[in-house]
Amino acid sequence: MNSHKREIKSFFYSQYFSDGLRISAGILIPSLLALQFGDFELGLTMSLGALCICAIDSPGPVQHKRNAMAIGNGLLLVVSLITGYARLNVYTLGLEITVFSFLFSMLTVYGNRAASVGTSALLVMIFMMDKAIPPADLPMFCANILAGGLWYMIFSLIFFGIRPYRAAQQTLGENVADVARFLRLKADFYRPETDIDDNYRRLVLQQISVSNHQDAVREMLFKSRLMVKESTGASRILVLTFIDLVDMFEQIMATHYDYRHIREKYAHTGVLSEIADFLHTVADDLDIIGFAVLANTRPEKLSNLNHKLELLKLKIDEVGAEDKESSNLVLKKILINLRDVAKGIGNIYKYYHSKASDMLLNDTREVEYSKFVTHQDFAPHIFWDNISLDSATFKHALRVSLVCLVGFITAKNVSLGGHSYWVLLTIIVILKPGFSLSKQRNYQRLIGTIAGGAIGILILNFIPDKTAQFIFLVVFMIGTYSFLRLNYVVSVIFMTPYVLILFKFLGVGLINVAQERIIDTVIGSTIAFIASYVIFPTWEFQQIQHDLKAVITANISYLQKVSESIAGKPVLITDYKLARKDVFVNSANLSATFERMTSEPKSKQRNIKDIHKFVVLNHILASYTANIASTIIRTGPQQPHADALKLVKRSIAVLKETGKKLSGEIIEAPAKPAEIVKTAEVAPAPLSAEDVLMKEQLGFINKITVDIAKVTENILR
């Protein structure tokens, strides 16, 4: 199958497109049914309720969706009633907008799902601002909005009830494709022509995507009793596939060495290019599996990886025979990692070509699953503890509150028509806790609105047929919600013509509406941009130190597991995997913070080069630790060896000292890590080749930790 065709098909099998179809149907059906029964106004009101509640319908366990949408519907009724009465007086409406914008923005402290509930409540408040409903009719109107919200909730839950595994399957398939892209970037390190620093930049960006999808899959699989407890083949295969995929990702991380060194040592042999070619073949096979998971089919026949491994082994043996002075042990270790990766792919392939009953997990695994997901605390004190200018969420909520008030006043005095809520709507969707995210969303909203407005005007002017216009409306609507999480600017490009066509059906003038929407968007974008810069601005350099500390702590924990194994103590595989997960998640968070920092004003980019060095060094450290950990897991607890133990303990000590500095602790007479490492020479017992390589790797880890300590000192200056 052509790769481009597969990518296009993958989109139509993906959760993004599935979400677009579900949300569009959930919003459209009430209006279309009501139109058939001659009460289009009722249908529009119900669709408004569905439109607000769909903001909560983001990926995650079904029980979380259900609870959040139930709370959202309660808020839908309360907020619509309050807004309906508050709008009778401009001052009470301004007060409501200010207070509710603050309160619902503060829900971010309880996580993304709670934040979406707050967004839903703000949406209904904004849409009700310009609804001229007589007070006597208001309760019934709000009840109709609630009916639309309840309809969408029931529709969405039924949708997932029919195919309970589909959402997890789609997210897992997308994660497989992410890992394949990550593997291709790792493969490029073995090509002498690849710029190592530039490739690292792309690698850490891809790691963010891998980590985000892994977290999403964990949420769906391990927080759902349906997936963990049920003995159906479908749920078990999903769990097994994900476990093997995460292990495979560790092996891919573990295929890491000093690339400059191995290029100098082996580039002339041609073996590195063959390793790169093999990794690209593995990535192709992963793409095949990922597409099959998305399409809910069995994977096609994969490449003969074992045959390719045998050819690669012969080449590595040949290198060892030709160059007696240069050991090929490093290449052999890479070969072992590659075999583990190939084995993982083979296991996943077998899951879809064997009897599921042969692979059922034991119920005892459930306890382990719960350790791999975070559990949100909804205690009231969390809200009150964040009522402080030290809290980024509090500053964000204050900013949203003040800016919405300014936007409301501006809209009442400047807006061209009867849709002044578009100014507030623009502000709500653009303002994010950090400047860089707000800036990005601002740019995307402006470009999308202008481009989409032009498309909408062209369609309505040159395609007068109502049926064709309705087809375009449905297509644009599906596109809007399909790309909402995937590519926001494309989503807005679809959204604007969808809104213009909708208003044309409602009998509102085309050019006036297009002009009003674009101008209101520009007004809202301008207010939001200025506010994100001057009203309690949140810059990434304020967050970066916390992320650096979290990464250091996670690496210490990971190295401590290695240290315990080297000391001869048994360490549970689950403990290794938990430590590994913490390193990968915190590394992805750090990389994301760094990327956001690069889009901020130059004056706010503190120590940007040193932070980039830290990100790269951290990736190298995590890869080397994963390399040693995978060896230990494969071979079991090591025979205690003094030299290896001293090296890993010194690395831990360096990281602990670095962590204290990041915490602001005063360290009396700190020892210089570099000097400590130089004194690490101990007369060892005779070592095997494996022990020598492990000692070299631990020595390199020690060097990396020292480099991290030096870079951290530069950052803290």
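Tutor: Helices here are DSSP runs (H or I) of at least four residues, numbered from the N terminus. The model is predicted, and L150 lies in its helix α7, residues 138-162.

Student: Why does L150 count as partly exposed?

Tutor: Buried means under 20% relative accessible area and exposed means over 50%, with partly exposed in between. L150 has 36% relative accessibility, so L150 counts as partly exposed.

Student: What makes L150, I154, I158 and I162 a patch?

Tutor: A patch takes residues with over 30% relative accessible area and no salt bridge, and joins nonpolar side chains such as Leu and Ile within 5 Å. These four, L150, I154, I158 and I162, form such a nonpolar patch on the surface, with about 390 Å² of accessible area together.

Student: How do you know that helix α19 is largely enclosed by the rest of the structure?

Tutor: Helix α19 covers residues 421-430, and 10 of the 10 are buried, so the helix is largely enclosed. Among the buried residues are Y421, W422 and I430.

Student: Why is the pair K577 and D247 called a salt bridge?

Tutor: The cut-off is a side-chain nitrogen of Lys or Arg within 4 Å of a carboxyl oxygen of Asp or Glu. For K577 and D247 the closest N and O atoms are 3.2 Å apart, which fits.

Student: What does the pair K577 and D247 tie together?

Tutor: K577 lies in helix α25 and D247 in helix α11, so the pair ties together parts that are 330 residues apart in sequence.

Student: Why does D247 count as buried or partly exposed?

Tutor: The limit for buried is under 20%. D247 has 21% relative accessibility, so D247 counts as partly exposed.

Definitions and conventions. Residues numbered from 1 in each chain as written. Predicted model: local features only at pLDDT ≥ 70, side-chain atom pairs only at ≥ 80, totals over all residues. Heavy atoms only, no water. Patch = residues over 30% accessible without salt bridge, like charges linked within 9 Å, V, L, I, M, F, W, Y side chains within 5 Å. Areas by Shrake-Rupley, 256 points an atom, 1.4 Å probe, with all protein chains shown as cover. Helix = DSSP H or I, 4+ residues; strand = E, 2+ residues; numbered from the N terminus. Buried < 20%, exposed > 50% of the residue type's maximum accessible area, 1.4 Å probe, protein only.
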